[in-house]
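User: I have a model open and would like to learn how to read its helices, sheets and chain contacts. Could you walk me through it, one feature at a time?

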Amino acid sequence: MYAALHAPGNLPVLLACASHFSPLIEELPPDTVVFDIRGLRLIFGPPEEIAAEIDRRVGVHAHVALASNPDAAVHAARGIRGVTVIAPNREAETLAPLPLFLLGGSPEFARTMDRWGLRTFGQFAGLPPLGVAARLGEEGTFLQRLAQGQGSRLLKVRGEALRFHEERELECSVILLEPLILLLSGMIEGLCARLRSHSLAANEIRVWLKQERAGEHSVELRLPVSMLDPRVLLRLLELELSRRPPQRAIEKIRVELIAVEPRTMQHGLFLPATPEPEKLEVTLARIRNMVGAGNVGSPELVDTHRPDSSRMNALGDGCQDAVSIAPRLALRRFRPPCLAQVWFTEGSRPERVFSSKGEWRVHASAGPWLTSGGWWESSWDWEEWDIQVPEGVYRIHQDLCGRRWFVDGNYD
Amino acid sequence: MVALASTLRASDLERSSGFLAFPFGEVPRGAFTEIAGPASSGRTTMLCSLLAAASAGQEYCALIDAQSTFDPESAARAGVRLSRVLWVRCGGNVEHALKAADWLAQGGGFGMVALDLAGTPVEISHRIPLTAWFRLRQAVINTKTVLVSVSRRVHAPSCSALKIELGRPQVSWRGSGQGRLLESITVTAGHVRNHRRSESPVTIPW
């Protein structure tokens, strides 16, 4: 829901009034402002009450209009006197009597409307859309949608975007991580409180640490979901700094939180439980610190025939179609593959294999399966065999470029 | 198929929060299940089937891979929705694997936490103190999480609600000469209860 205020010659007053209700205000000089009032229902009640409160607070004679989109609200405020509340899906009906010049558009559009004898929003909105598109092009289609009260766009918020950052110059340089974390905790708590007062959350933390007689040490943490708990943010930062600590004493700290809309989520009654995002992120950061960042994630197959090709994604990224569950013999891969020596029978089948996994006499084998590709970058050319040895069933391959044998893994 | 759920003790059944059904039977939720067997006995296939069953139900699964031997391609073939699986590669460090499993189990919210120690030498995995297994089990009690470990031998018989022991495989081949193909393996899947072992054969196609 959006509210528009129109009062000729009183733009500063309108802006002051709008800022009482919302930080998201668009200025439309010389005499109109439009602002976002979503969420005010909880404070003031239904839209009529919100409109009355805005009218009471504005202090000058102004026209107030509330509508489901900014353009409809602006047109109503400019064209209808007093307080107007347009119910959803009633925009076209309410705007129909307004004069067409309020719609704006190019001088050529205005001349065409004049020639056609169209005077009001309703008359223009009632024209066949295909005919309008054919004769007036993109501009005509856009303006007809506005005349029907169907505009949908984001507000061009006035002024600079809100920035949440804090800087602190230290009297004594800090060498150890613990006092640095203590200082950061105070800064992050303050920034989180500011974010909370604006009903926002953070999805990125940026920290710059000015080092003594050296450059800056910077830390950037991108969070998978927006968060507002200072303890979680601080813990993530602490883990990152302990993984990659600054090399010198710190003499200046600058912290910035990138603000986004907070996460809202409704859990389904019959859906399985999922890990709490904040807690999971801290746990994953701890695990990444321990085993390395590249070793934690959700595997994704790469679209190639090259064996053992997968990459790590964030958990829950990407979607997969439903697949049927059928038990199939799985391969347990040795990473890296074990270098091996292979002896063949007279019939060119593997007879004996020697590797770090043991020395095996081959009971049965299937192959060779030839696979190759990637000639445009790092090529591979393999000959694969499945072999049965006393210890189990294994897959071996020969790299035909290097003429070396490897044990890939065992079927398990 | 083996009806593994029937192996649960009455007290375990009362404590567990339901079962996760998978192609080989059922495993208890909120309890600890051990899958043990030698190489090529179908341990990984069983693990992939469990992951597939849990991920098909929109649950998130954590796989802590002590030796980094998990093959996503095989898992995808078995029906695992990989985007629902958190894979932690520990590069052979069992201590890291235990810590990661503990943190993830304590964090909650996962439908399944699997600790894969199948590639770890028995002499190393046997050194894991029993308290570590009890701590892991304690983290999932009264939750919907299935806690599974895969290894060569059963390590914590007093801690696990269900022990699945797999025997030596019998390998079937099809065709001959150049056209020969690996067809399936047949293993004996058994459960241990009150020191008595009962077995049934399981055939896993390639």
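**Reading a helix, two sheets and an interface**

Analyst: Happy to! Let's start with a helix: on one side of α1(A), A:P12 and A:H20 are exposed. Keep in mind that this is a predicted model.

User: Which residues of helix α1 of chain A are buried?

Analyst: A general idea helps first: an α-helix has 3.6 residues a turn, so residues three or four places apart point the same way. Here, the buried residues of α1 (residues 11-21) are A:L14, A:C17, A:A18 and A:F21. Seen down the helix axis, the buried residues of α1(A) fall within an arc of 100°, so they line one face of the helix.

User: What covers the buried residues of α1(A)?

Analyst: The cover includes three strands of chain A, β1 (2-6), β2 (25-28) and β3 (32-36), along with helix α3 (47-58).

User: Those strands make me curious about the sheet. What is the strand order in the open sheet of 5 strands in chain A?

Analyst: In general, strands of a sheet pair through backbone hydrogen bonds, either parallel or antiparallel. In this case the order is β2-β3-β1-β4-β5 in chain A, and the pairing is mixed. β2 and β5 (83-85) of chain A stand at the edges with a single partner strand each, so one side of each has no neighbour in the sheet. On average, neighbouring strands of this sheet are turned by 15° against each other, direction ignored.

User: How many bridges pair β1(A) with β3(A)?

Analyst: There are 5, and the two strands pair in the antiparallel sense. To see one of the pairs, find A:H6, whose bridge partner in β3(A) is A:T32. Helix α1(A) packs on this sheet, touching β1, β2 and β3 of chain A, and its direction makes about 5° with that of β3(A). Helix α3(A) lies across β1, β4 (63-67) and β5 of chain A, running at about 155° to β4(A).

User: What about the sheet of 7 strands in chain A: which strands are at its edges?

Analyst: That open sheet has the order β14-β13-β12-β18-β17-β16-β15 in chain A, with antiparallel pairing. The edge strands are β14 (358-361) and β15 of chain A, each pairing on one side only. Here neighbouring strands are turned by 30° against each other on average, again with direction ignored.

User: How many residues lie between β15(A) and β16(A) in their hairpin?

Analyst: There are 6, and A:G374 in the turn has a positive phi of about 65°. The two antiparallel strands, β15(A) and β16(A), are joined by 8 bridges. Among the pairs, A:S372 stands opposite A:D381, and A:T371 has A:W382 as its bridge partner.

User: Now the two chains. How many residues of chain A are in contact with chain B?

Analyst: As background, the size of an interface is often given as the accessible area lost when the parts come together. Counting residues instead, 51 of chain A are in contact with 62 of chain B. The elements giving two or more residues to the chain A side include α11 (277-291), β10 (296-301) and β12 (331-344). The largest share, 7 residues, comes from α11(A). By class, the chain A side has 25 nonpolar, 14 polar and 12 charged residues.

User: Which strand of chain B is joined to β10(A)?

Analyst: Strand β5 (residues 85-89) of chain B, through 2 bridges, with the strands running antiparallel. Look for A:V296, which stands opposite B:V88 in β5(B).

Technical notes
Residues numbered from 1 in each chain as written. Chains lettered and ligands numbered in written order. Predicted model: local features only at pLDDT ≥ 70, side-chain atom pairs only at ≥ 80, totals over all residues. Contact = placed C-beta atoms within 7 Å. Helix = DSSP H or I, 4+ residues; strand = E, 2+ residues; numbered from the N terminus. Nonpolar A, V, L, I, M, F, W, Y, C, P; charged D, E, K, R; others polar. Pairing = 2+ DSSP bridges. Buried ≥ 20, exposed ≤ 12 C-beta atoms within 10 Å, placed from the backbone. Arc of directions from axis to C-beta. Axes fitted to C-alpha atoms, helices over the stretch in contact; angles between N-to-C directions.
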